[in-house]
Amino acid sequence: MAEPIIQLKNITKVYKVGDIETTVLKGVSLTVYKGDFIAIMGASGSGKTTLMNIIGCLDTPTSGEYYLLGKDVSKLDDDQLAEIRNKYIGFVFQQFFLIPYLTALENVLVPAIYSGESIKQKEKRAVELLQLLGIGDKKDNKPSQLSGGQQQRVAIARALINDPELILADEPTGALDSKTAKDIMEIFVNLNKKGKTIILITHDPQVASYSKKIIKIQDGKLIV
Ligand SMILES: Nc1ncnc2c1ncn2[C@@H]1O[C@H](COP(=O)(O)OP(=O)(O)OP(=O)(O)O)[C@@H](O)[C@H]1O
Ligand SMILES: [Mg+2]
């Protein structure tokens, strides 16, 4: 049996805005194993990002249990969650979220600053990652001097700099044309082949088809 990386047990999430409460997740249970490559699909507003934020320790559930690598993370404080994110999770988003005044190389190094490891060591790794992703020659470019696909490669290198167990990607191809989207999905497939566990959100069946397993979210529940 593979090792479970993520165990969600009966997770709920209620948002309260003014007097109005919205229950977005209504008892979500999910086990993700090392080496899985899962695509989460569902209509706009169905709770995909809400679920991803909980899995990524960016937010906490209203109720339920969440074990990440066997550790109960549902009741940790913000500092403890930040440490776990930095160590175990790499994030890739639709809008890249690169820092505009830093070069590609410096952007990749941002999560390394907080990792406590030697920056010199990490710089070597950052250059290697950019080369691996086919943009080694762009390391000194600022984000505005890169195409969308190149910016997403920088963001993927940044997600990999601390060698995380888990990669979470929320619509990573949403801002890219279909050819570039295909290239980016092939990068995820290769990372998965090298043993990375990947969870990806997409509304695009073509993108989802690169995953090993598709899970749908509907009315606050998962349909596996
Ligand atoms: N911080 C928040 N406060 C209040 N309500 C929120 C908050 N974040 C999300 N919601 C609500 O929760 C529901 C689910 O939002 P979520 O962002 O998870 O959807 P999604 O499936 O990712 O949609 P999309 O495909 O459009 O990105 C929506 O109705 C949204 O309005
Ligand atoms: Mg979303």
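Which residues have the most contacts inside the largest nonpolar core? In this predicted model, they are Ile40, Val108, Ala157 and Leu168, within a core of 59 residues. The legends below take up the whole chain and then a series of close-up views.

**Figure 1. Overview of the protein chain, with its seven helices and 10 strands.** The C-alpha atoms fill a box of roughly 50 × 45 × 40 Å when taken along the principal axes. For 224 residues a compact globule would have a radius of gyration near 17 Å, and the protein chain, with 17 Å, therefore agrees with that expectation. Buried residues make up 39% of the 224 residues. Among contacts with a separation of 6 or more, 70% are accounted for by residues 24 or more positions apart.

**Figure 2. The nonpolar core, viewed around Ala157 and helix α3.** Helix α5 (residues 148-160) gives the largest share of the core of 59 residues, namely six residues. Ala157, one of the residues with the most contacts inside this core, is in contact with Val108, Ala126, Leu129, Leu130 and Leu133 once its neighbours within four places in sequence are left aside. Val108 is also listed among the residues with the most contacts in the core, and in helix α3 (residues 104-113) Val108 is buried together with Ala104, Asn107, Leu109, Pro111 and Ala112. The buried residues of α3 pack against α2 (78-88), α4 (119-132) and α5.

**Figure 3. The shell of residues around ligand 1.** The shell consists of Tyr15, Val17, Thr22, Val24, Gly42, Ser44, Gly45, Ser46, Gly47, Lys48, Thr49 and Thr50. Two or more of these residues are given by each of β1 (4-17), β2 (20-33) and α1 (48-55), and the largest share, three residues, comes from α1. By residue class, the shell divides into three nonpolar, eight polar and one charged.

**Figure 4. The open sheet of four strands, in the order β2-β1-β4-β5.** The pairing in this sheet is antiparallel, and β2 and β5 (71-72) are the edge strands, each of which pairs on one side only. Strands of a sheet pair through backbone hydrogen bonds, either parallel or antiparallel. Between β1 and β4 there are five bridges, whereas strand β4 (residues 63-68) and β5 are paired over two bridges. In the latter pair, Leu68 stands opposite Lys71, and Tyr67 has Asp72 as its bridge partner. Two residues lie between the strands of the β4 and β5 hairpin, in which Leu69 takes a positive phi near 50 degrees.

**Figure 5. Surroundings of Ile6 in strand β1.** Ile6 counts as buried because 21 C-beta neighbours lie inside 10 Å, where 20 or more are required. Residues up to four places away in sequence not being counted, Ile6 touches Leu30, Thr31, Val32, Ile55 and Leu68. Of these, Leu68 is also the bridge partner of Ile6 in β4. The C-alpha atoms of Ile6 and Asp163 are 17 Å apart in space, and the two residues are 157 residues apart in sequence.

**Figure 6. Two loop residues, Cys57 and Asp163, with positive phi values.** Cys57 is placed in the loop between α1 and β4, and its phi is near 60 degrees, a positive value in a residue other than glycine. Asp163, which is not a glycine either, has a positive phi of about 50 degrees and is placed in the loop between α5 and β7. Buried or exposed: how do Cys57 and Asp163 count? Cys57 has 23 C-beta neighbours inside 10 Å and so counts as buried, while Asp163 has 12 and so counts as exposed.

**Figure 7. Strand β6 and its pairing with strand β7.** Of the five residues of strand β6 (residues 89-93), four are buried, so this strand is largely enclosed by the rest of the structure. Strand β6 runs parallel to strand β7 (residues 166-170), and five bridges join them. In this pair, Phe93 stands opposite Asp170 in β7. Strand β7 is preceded in the views above by the loop between α5 and β7, where Asp163 has its place.

Definitions and conventions. Residues are numbered from 1 along each chain as its sequence is written. Chains are lettered from A and ligands numbered from 1 in the order in which they are written. This is a predicted model: local features need pLDDT of at least 70, side-chain atom pairs count only at pLDDT 80 or more; totals for chains, interfaces and linings use all residues. A residue is near a molecule or strand if its C-beta atom, placed from the backbone, lies within 6 Å of it. Ala, Val, Leu, Ile, Met, Phe, Trp, Tyr, Cys and Pro count as nonpolar, Asp, Glu, Lys and Arg as charged, and the others, Gly among them, as polar. Two strands pair if DSSP finds at least two bridges between them. A nonpolar core is a set of buried Ala, Val, Leu, Ile, Met, Phe, Trp, Tyr and Cys residues joined through C-beta atoms within 7 Å. Two residues are in contact if their C-beta atoms, placed from the backbone, lie within 7 Å. The radius of gyration is taken over C-alpha atoms; the globule rule is 2.2 Å times the number of residues to the power 0.38.
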